[in-house]
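Me: I'm new to this one and I'd like to go through it by asking how each label is earned. Could you show it to me?

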Amino acid sequence: MSDIAALPPSLDHTAAARWPTRAAAHVLGIGLLLAVVAALPASPSDLDRHQLPKETAVHLAVWLAVALARPFPVTGLRRATSWSLLLLFVITVAATAGATNLWMAARAAALTITGIAALLTARQLATAGLADTLLGWAAIGAATGTATGLAQAYGLSSPFFAATRAPGGTFGNRNFMAHFATLGLPVAGVIALGARRRHAIPALLLSTALVTAIILSRSRAAWLGTVAVAGTTALVLLQAKRRGELPIVQGRSGLLLAAVALGVIAALTIPNALEWKARSPYAETLGDIANHREGSGHGRMVQYRNTLKLALAHPVLGVGPGNWPIRYGDVAPSSDPSWAFGDPVPLNPWPSSDWMAVISERGIGAVAALAFLGFALAWRGVTAAMAGGVRALNGAALLALLAAVAVMGVFDAVLLLPTPLLFVALATGALLQRADGTLLAEDDAPRPRTVLGAAVTLLLCLIALRSVSQTAAYLVAGNGRDLRRLTWAARIDPGSYPIRIALAERGNCASVRDDAAAALRMAPNWPAPRAAARRCGVR
């Protein structure tokens with residue numbers, strides 16, 4: 001049987017890759033692993049205590065990988081993919097300039113820029129023969145993230161878990177954990193179906209764990225994403241099998257199906273520590289999967305309608321990256337279920353959809369760039385599937401990964417978050433190379449430095465340093481109750497709304513007037529900063 005984790009020997013150039021290139025691949029993998037487990041035990045904002053350290057891990061890893069691998073100019077990318085990424089970058093930067101809250105816009109734009117750099121670097125590393133390494137790290141990341149969710153589901157407690165959204169593990173939210181597990185399915189599947197036994201057995205076990213975690217999460221987006229993964233994979237592989245162009249041993253397919261079935265059985269039969277209120281929670285979730293007339297489904301529909309109104313009011317460049325919650329009040333009435341007026345942060349940082357976030361924050365051009373990018377990548381998968389052989393297996397995995405991203409992104413924030421963004425970049429870069437089967441031999445000389453490469457490396461360095469300061473401020477702030485610690489945290493990160501509003505609400509007006517004014521500038525229409533400003537006489 002051919003080996004997905006190490007394709008035919010004539011194509012395996014891993015050992016020939018230069019040490020900086022090999023180091024870059026491991027840096028990306030370690031960065032992904034750190035992003036999976038990173039969380040703060042306490043912070044002024046429960047959501048950011050998970051997301052900020054994950055962002056820092058991703059930014060640092062991509063910056064170091066770019067500095068080591070020197071991927072610019074990038075090789076192995078088709079023109080359609082390159083132009084789509086360039087267009088997305090230009091639109092993101094332009095949209096940032098017009099944002100109401102520049103701090104939030106810069107943070108969201110930085111994540112997009114880092115994601116683009118991660119994809120380009122992963123593709124470059126894969127062409128140097130390191131697709132094995134990238135896929136291996138992706139599988140390790142998926143296993144680790146799923147393990148934290150399962151640990152919480154079966155009773156393990158930790159200050160790094162968010163108990164209110166169990167079983168989220170170190171992701172802090174069961175939906176985020178489930179999205180990540182769903183993205184891991186194509187990677188686990190491609191290894192399980194095509195690798196040698198020593199790699200296939202762990203991949204089969206990983207498949208079981210992923211399915212168990214996805215079911216326990218009761219995340220409807222993840223359930224739909226899993227259906228998209230299974231349907232896409234089955235369709236592509238069956239077509240290739242009928243043409244006799246797919247070298248998969250029949251027993252290996254049966255083992256993968258058995259692993260999936262075992263995951264379903266484990267989720268439904270093994271007692272867990274999740275305190276669902278419904279008598280049949282999983283059947284209830286399945287029955288409500290398309291319910292848009294009540295509950296969270298109705299809330300999403302209301303939010304989508306209002307978000308589209310916001311997008312129509314700002315069709316060219318949107319309201320700025322990360323600024324959806326700041327401007328949502330322009331179109332949404334106080335009766336909108338998205339609001340939580342009693343909280344200092346009355347809205348989630350993103351709408352419940354990647355696509356809605358992009359069209360409202362960056363305009364129709366960004367949506368077109370992302371759609372074109374998706375089609376360009378999918379075409380590579382289709383071409384590989386039609387070619388048959390090992391390429392068809394990798395083409396199926398690439399198409400399944402893209403299908404999961406597209407489907408889950410309709411119903412939840414996926415690529416707006418740092419950990420799944422890096423995972424998708426690594427897996428896509430590796431699977432693209434596996435799908436077309438081309439490798440470029442490296443010579444012993446290091447890749448030359450270019451003006452573009454130096455500029456990108458410098459930009460990523462600045463992004464990483466900014467992210468480090470944001471996370472450091474949260475470490476200093478602690479749980480947000482000590483005013484002295486909050487004051488020092490605000491000096492480290494003056495653009496943190498949660499820190500500034502915590503000071504403005506609790507401190508003596510004589511000393512926190514600047515914080516109240518800053519919070520009001522960041523979110524001029526939110527109730528908490530307006531109340532704090534009135535309390536301290538700030539206009």
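Reply: Sure. Let's begin with a definition: a salt bridge is a side-chain nitrogen of Lys or Arg within 4 Å of a carboxyl oxygen of Asp or Glu. Keep in mind that this is a predicted model.

Me: What makes R123 and D436 a salt bridge?

Reply: Their side chains meet at 2.8 Å, N to O, and the cut-off is within 4 Å, so the pair counts. This one links distant parts of the chain: R123 is in helix α4 (residues 102-153) and D436 in helix α15 (residues 418-436), 313 residues apart. Both R123 and D436 are buried.

Me: What does R434 pair with, and which parts does that tie together?

Reply: R434 forms a salt bridge with D132, and the closest N and O atoms are 1.7 Å apart. R434 lies in helix α15 and D132 in helix α4, so the pair ties together parts that are 302 residues apart in sequence.

Me: Why are R434 and D132 called buried or exposed?

Reply: Buried means under 20% relative accessible area. R434 has 4%, so it is buried, and D132 has 18%, so D132 is buried too. For the opposite label, take R198 in helix α6 (residues 197-217): its relative accessible area is 56%, and exposed means over 50%, so R198 is exposed.

Me: Where does the salt bridge of D412 and R300 sit?

Reply: D412 is in the loop between α14 (389-411) and α15, while R300 is in helix α10 (residues 295-313), so the pair ties together parts 112 residues apart in sequence. Their closest N and O atoms are 2.7 Å apart, and both residues are buried. Elsewhere, D48, E55 and R107 are joined into one network by salt bridges that share partners. A search of the whole structure finds 12 salt bridges.

Me: How do you know that C509 and C536 form a disulfide?

Reply: Their sulfur atoms are 2.2 Å apart, and the rule asks for within 2.5 Å, so the pair qualifies. The torsion about the S-S bond is about -75°, so this disulfide is left-handed. C509 lies in helix α19 (residues 509-522) and C536 in the segment after α20 (527-535), so parts 27 residues apart in sequence are tied together. The count of disulfides comes to 1.

Me: Why is the pair of F176 and W350 called edge-to-face?

Reply: The ring centres are 6.0 Å apart and the planes are at 75°. Centres within 6.5 Å make a pair and planes over 60 degrees apart count as edge-to-face, so that label fits. F176 lies in helix α5 (residues 174-194) and W350 in the loop between α11 (324-327) and α12 (354-362), so the contact ties together parts 174 residues apart in sequence.

Me: And what makes W339 and F341 stacked?

Reply: Their planes are at 10°, with centres 4.8 Å apart; planes under 30 degrees apart count as stacked, so they fit. W339 counts as buried at 13% relative accessibility, while F341 counts as partly exposed at 38%. Ring pairs also link W324, Y328, W339 and F341 into a cluster.

Me: Which residue lies over the face of W276?

Reply: R218 does, at 4.7 Å from the ring centre. The charged end of R491 sits over the ring of W488, 4.6 Å from its centre.

Technical notes:
Residues are numbered from 1 along each chain as its sequence is written. This is a predicted model: local features need pLDDT of at least 70, side-chain atom pairs count only at pLDDT 80 or more; totals for chains, interfaces and linings use all residues. Side-chain values use heavy atoms; hydrogens and water are left out. Helices (H or I, at least four residues) and strands (E, at least two) are DSSP runs, numbered from the N terminus. Buried means under 20% relative accessible area, exposed over 50%, partly exposed in between (1.4 Å probe, protein chains only). A charge sits over a ring if NZ of Lys or CZ of Arg is within 6 Å of the ring centre and within 35 degrees of the ring normal.
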